[in-house]
Amino acid sequence: MTKLTTRDLISMKRRGQKITMITAYDYPTALIADKTGIDVLLVGDSAAMVVLGERDTRFITLEEMLVFSKAVSRAAERALVVGDMPFMSYQVSAEEAVRNAGRFVKEGRVDAVKVEGGEEFSEIISRIVRSGIPVMGHIGVTPQRDVMSTGYRLRGRKVDDLERLLRDALSLERAGAFSIVLEFVTEEAARIITERLSVPVIGVGSGLYCDGQCLVVHDLLGIYPNPPPFSKAYANLSSVMAGAIEKFRDDVISSRFPDESRRFHMDKEELEKVQERLKGLPEV
Ligand code: KIV
């Protein structure tokens, strides 16, 4: 199977073909998603919450992100794998950002990295791109820092806000970002931004008119208790999982598990020899 490239995603935008992206953090989920034809697997820093149970995304480390990235990359034969650069892995200096993006490629085996932030990060993004690593931008709600200031609030409600978002988006495009995530932005603002960019805009909670859509896989599958308001659960895997685990528990308690097909025996003659030998041993 041929791997998608960043160029393929740009061609999809030109053809008006929607881009699909979900998050993934482990090998089996990535394997299933890749076979469905999902275009992009984002190893999101949302892993901090949905996998590690942290309060927000600030607390995941680069080392943890690299472990998840490697697992997802091993599974992805077709999908483009994007590694999310965690909080404080790119903010300190361009040198450090390039070094850490390089670790995502060399150790996490990703095809691209994602960086949160607008115009103020365009120089850093440009340096990573010039080093040969494709970068996906991320504006709108940028959870790594918004959690400490404005909180998780809808963006692009006012003209000034839209202007700011548009300036950020154009500046990231100029810096060389191959695509931009737009998180929790009004549909009207998202549409204007999408129409003015030549690189694909992937929306998460930003309405219908983006070039693609992204959901966190745990929200899509219905296994995370606190999904954002724009998300949709396409399954209720938490009840499927609870049902299976409960059944196993009942089967163990009532000795129905393991059943005969899952039990492995000694040969009859060997067993007779054991019984003979045991006769000579003192009882305990
Ligand atoms: O970490 C993440 O899951 C993300 C998506 C919401 C785009 O950044």
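Contact here means heavy atoms within 4.5 Å. The model is predicted.

**Exercise 1.** Find which residues touch the most other members of the largest nonpolar core, then list the contacts of Leu 41.

*Solution.*
Step 1. Take the largest nonpolar core, which has 74 residues.
Step 2. Pick out the members that touch the most others: Leu 41, Val 113 and Ile 128.
Step 3. For Leu 41, leave out residues up to four places away in sequence. Its partners are then Ile 22, Ala 24, Ala 30, Ala 33, Val 72, Ala 76, Ala 79, Leu 80, Val 81 and Val 82.

**Exercise 2.** Locate the ligand and describe its surroundings.

*Solution.*
Step 1. Place the ligand: the largest pocket holds it.
Step 2. Name the residues around the ligand; among them are Thr 23, Leu 42, Gly 44, Lys 114, His 138 and Glu 183.
Step 3. Check polar side-chain atoms against ligand oxygen, with a cut-off of 3.5 Å. Ser 46 gives 2.5 Å. Asp 45 gives 2.9 Å. Asp 84 gives 3.2 Å.
Step 4. Work out the cover. Taken alone, the ligand exposes 260 Å², and the protein buries 94% of that.

Conventions: Residues are numbered from 1 along each chain as its sequence is written. This is a predicted model: local features need pLDDT of at least 70, side-chain atom pairs count only at pLDDT 80 or more; totals for chains, interfaces and linings use all residues. Side-chain values use heavy atoms; hydrogens and water are left out. A nonpolar core is a set of buried Ala, Val, Leu, Ile, Met, Phe, Trp, Tyr and Cys residues joined through side-chain atoms within 4.5 Å. Buried means under 20% relative accessible area, exposed over 50%, partly exposed in between (1.4 Å probe, protein chains only). A residue is near a molecule or strand if one of its heavy atoms lies within 4 Å of it. A polar contact is a pair of N or O atoms within 3.5 Å; within protein, one must be able to donate a hydrogen and the other to accept it, and residues adjacent in sequence count only if both atoms are side-chain atoms. Accessible areas come from the Shrake-Rupley method with a 1.4 Å probe; for residues, only the protein chains shown count as cover. On a 1 Å grid over the protein atoms alone, a cavity is a set of points where a 1.4 Å probe fits but cannot get out, and a pocket is an open set with protein on both sides within 12 Å along at least five of seven lines; lining residues have an atom within 4 Å of a point. A molecule sits in a cavity or pocket if more than half of its atoms lie within 2 Å of its grid points.
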